[in-house]
Amino acid sequence: MNNSDKNTKKKSLLGEHTSFVITEAYKTARTNLMFSLSTSERKIVVITSSNPSEGKSTTCSNLGLTLAGMGASTLLIDADLRKPTIHSLFGIPNKKGLSTILGGFDKIDDAIDYNVEDNLDIITSGPIPPNPADLLASDLMDSLLKALSKHYDYILIDTPPINVVTDSQLMNKIISGILFVVWEGVTTHTDINAALRSIEMASGKVLGFVKANCNAKGAKNYKKNYKYSYGRQPKR
């Protein structure tokens, strides 16, 4: 990855360079997510989308940053074991991670990147395994999430797009619910309905929708922004 690529990745994350509009939109999404999880025993959220390149990894990362920014101990897990992104966004190594924990090659403590930002720890994907679905559906994954939930206020899990593979559905029995990312002008109602049918068939729970790449009304000099809001499921 060259310096230009690194700078582009870093600009995707919230920071001093981020506009007020985008920062506040993420904070609003954070507040809504916290209310959605207020009665959950475990605050473990899977973040997914219908298709690739719809902003799910950026959403996952920035929601993690906003939760950590308010003092909540937060863990990001890159469970997209087919096309991982989180390590690139934060510029951290990916030699160890979820795949090496579940494969029995590394202990949990050895594979966590601690304090990537204040109150924010990350488990990257690790090397891409030959059997990602088997690993995510394993009893070891359940045990891992149960153990980690004792130490973190919030756990956010980035997963592959649901209309490509169903990896995000393999953790439904242990997670609190699913946060669904849609990309304005790209994600169609057909895409969303297909994903919702998959979630329903797997007895999953949708906590809300995050709409990315919106035109922020009243925000001068910003034609397109990551303006996030929760919405009801579309009519089928």
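A residue counts as buried when its relative accessible area is under 20%. In this predicted model, Ser-149 has a relative accessible area of 19%, so Ser-149 is buried. Ser-149 belongs to helix H8, which spans residues 139-149. A polar atom of the Ser-149 side chain lies 2.8 Å from the backbone oxygen of Lys-146. Beyond the neighbours within four places in sequence, Ser-149 is in contact with Arg-42, Ile-44 and Ile-155.

Nonpolar packing was examined next. In soluble globular proteins, nonpolar side chains tend to be buried together. The largest nonpolar core in the model holds 34 residues. Within this core, Ile-77, Leu-98, Leu-148 and Ile-157 touch the most other members. The surroundings of Leu-98 were listed without its neighbours within four places in sequence. Leu-98 is in contact with Ile-77, Asp-78, Ala-79 and Leu-81. The list continues with Ile-123, Thr-124, Ser-125 and Gly-126. Leu-136, Met-141 and Leu-144 are also contacts of Leu-98. A second core is separate and comprises 29 residues, including Ala-29, Cys-60, Ala-72 and Ile-86.

Aromatic pairing was searched across the whole structure, and 1 pair was found. Its partners are Phe-180 and Phe-209, arranged edge-to-face. The ring centres are 5.4 Å apart, with 65° between the planes. Phe-180 sits in strand E6 (residues 177-183), and Phe-209 sits in strand E7 (residues 206-212). The two residues are 29 residues apart, and the pair thus links distant parts of the chain. Both Phe-180 and Phe-209 are buried.

Definitions and conventions
Residues are numbered from 1 along each chain as its sequence is written. This is a predicted model: local features need pLDDT of at least 70, side-chain atom pairs count only at pLDDT 80 or more; totals for chains, interfaces and linings use all residues. Side-chain values use heavy atoms; hydrogens and water are left out. Rings of Phe, Tyr and Trp (its six-membered ring) pair if their centres lie within 6.5 Å; planes under 30 degrees apart count as stacked, over 60 as edge-to-face and the rest as tilted. Helices (H or I, at least four residues) and strands (E, at least two) are DSSP runs, numbered from the N terminus. Buried means under 20% relative accessible area, exposed over 50%, partly exposed in between (1.4 Å probe, protein chains only). A polar contact is a pair of N or O atoms within 3.5 Å; within protein, one must be able to donate a hydrogen and the other to accept it, and residues adjacent in sequence count only if both atoms are side-chain atoms. Contact means heavy atoms within 4.5 Å. A nonpolar core is a set of buried Ala, Val, Leu, Ile, Met, Phe, Trp, Tyr and Cys residues joined through side-chain atoms within 4.5 Å.
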